[in-house]
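Student: Got a minute? I'd like to go through the inside of this one with you.
Tutor: Sure, put it up and ask away.

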Amino acid sequence: MNAPRFDGIVVGATLATLDAYAGYGMVEDGALAWKDGVIAYAGPREPMLESDSVEVHRFAGGIITPGLVDCHTHLVFAGDRAAEFELRLQGASYEEIARAGGGILSTVRAVRAASEDALLAESLPRAQALLADGATTLEIKSGYGLDFENERKMLHVARRIGESLGVTVRTTYLAAHALPPEFANDPDGYIDAAIGWLPELHAQGLVDAVDAFCEGIGFSPAQTRRMFEAARELGLPVKLHADQLSDLGGAALAAGFDGLSADHIEHASEDGVRAMAERGTVAVLLPGAFHVLRETKLPPLELLRAHDVPMAVATDCNPGTSPLQSLRQAMQLASTHFRLTPEEALRGATVHAAQALGLHDRGVLRAGMRADFVHWRIRRPAELCYWLGGNPADGVFAAGERIA
Ligand code: DI6
Ligand code: FE
């Protein structure tokens, strides 16, 4: 007898493959089979498929989607900022708190004080929460260390999270996040230092992309450009916190470096959107931060649609502006605040999010793609954007292995 063709197969559910330019790509009574962590079959159920598999998982209804991809998180951090949240409720703004040395810098103090193991222990449950709600790929940024040793510690913790949970973690170097006290009043000196740490961190295999916070309370476009040039010299792709609180031309700046993504972009101009369309830069929408900061300026959704810019949705999981530990909840917020259709939100948390990380082997259910998928206890995909709270994820699989 020949060896079975498949390591595993799931049957008894409807597939939402997303394997088409538009529509969910629904396959009723579908089957999904994999071999060596890669999808070998995705299509209608045929009885002979099951006899060709080592393991058969039978579901009684529900929907299977691609595994969710959270393409923008700052989930490695220590402590919390609930006190700052209370101050904002009393009227203080995010910028005021940042300028007074709170905000990001208060998390920097907590991260610097934590050992690597303590930082891992604090961060791991957030990654586990994201996985339990359907995520199979995570992006994690540095940016709360702001010196060589502490940026290295954060990135190393991010790698350890991926190893211990069996999921892909893409790391992003975000040293250009805030100005540390050692460099007060010398942002250019700090950018020089942060550029200097990058080659060694990259040589240690800790950096997959480079990001910056290009904002009045962050770094200028000129400083961002210098950081991006350093990334380009090392062959590293870039992404950018762009035009979140004001329009500094960040969207066009990121596109000009063939950026994987421009993120937030509430204040981006039409020129910025056009530049993104031309260079294939993904728009990463972060409705959690919009919600928590009670923002009112919407990202330029009609322009993004008109110019056919792919839109991704992510949690931005961070202690200041988006303490959000569910990508499905981010999809819900994207629908209610930004009026994304549930289909746009699902593409945004799968195939477009993968694109925002430069990953082209996931995000749709198709033979040849990674066997990353989620079985949900739902009747229609729109339910993913409909429920607030709860958890309809019934089985979460990464490369064919059950992880939640
Ligand atoms: N934009 C954000 O949404 C996060 N960083 C950034 O540049 C917020 C980070 C924080 O407040 O801790
Ligand atoms: Fe962010």
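Student: What volume does the largest cavity have?
Tutor: About 130 Å³. Bear in mind that this is a predicted model.

Student: Which residues lie nearest its centre?
Tutor: His 74, Tyr 94, His 177, Asn 318 and Thr 321. The lining has 14 residues in total. By class, eight are polar, four nonpolar and two charged.

Student: And where does ligand 1 sit?
Tutor: In the largest cavity.

Student: Which residues come nearest to ligand 1?
Tutor: Arg 81, Tyr 94, Tyr 144, His 177 and Asp 316, out of 14 around the ligand. That shell divides into eight polar, four nonpolar and two charged residues.

Student: What does His 177 contact on the ligand?
Tutor: A nitrogen atom of ligand 1, which lies 2.8 Å from a polar side-chain atom of His 177. Asp 316 has a side-chain N or O atom 2.8 Å from an oxygen atom of the ligand. For Thr 321, a side-chain N or O atom is 3.2 Å from a ligand oxygen.

Student: How much of the ligand does the protein bury?
Tutor: 100% of the 320 Å² that ligand 1 exposes when taken alone.

Student: New topic. How many cavities of 30 Å³ or more are there?
Tutor: Two. The second largest holds about 50 Å³ of space.

Student: Which strand gives the most to the lining of that second one?
Tutor: Strand β8, residues 168–176, with three residues. The lining includes Glu 139, Arg 170, Asp 208 and Lys 239.

Student: And its make-up by class?
Tutor: Five nonpolar, two polar and four charged residues line the second largest cavity.

Conventions
Residues are numbered from 1 along each chain as its sequence is written. Chains are lettered from A and ligands numbered from 1 in the order in which they are written. This is a predicted model: local features need pLDDT of at least 70, side-chain atom pairs count only at pLDDT 80 or more; totals for chains, interfaces and linings use all residues. Side-chain values use heavy atoms; hydrogens and water are left out. On a 1 Å grid over the protein atoms alone, a cavity is a set of points where a 1.4 Å probe fits but cannot get out, and a pocket is an open set with protein on both sides within 12 Å along at least five of seven lines; lining residues have an atom within 4 Å of a point. Grid points are joined across faces, edges and corners, and a volume is the space filled by probe spheres set on the points. Ala, Val, Leu, Ile, Met, Phe, Trp, Tyr, Cys and Pro count as nonpolar, Asp, Glu, Lys and Arg as charged, and the others, Gly among them, as polar. Helices (H or I, at least four residues) and strands (E, at least two) are DSSP runs, numbered from the N terminus. A residue is near a molecule or strand if one of its heavy atoms lies within 4 Å of it. A polar contact is a pair of N or O atoms within 3.5 Å; within protein, one must be able to donate a hydrogen and the other to accept it, and residues adjacent in sequence count only if both atoms are side-chain atoms. Accessible areas come from the Shrake-Rupley method with a 1.4 Å probe; for residues, only the protein chains shown count as cover. A molecule sits in a cavity or pocket if more than half of its atoms lie within 2 Å of its grid points.
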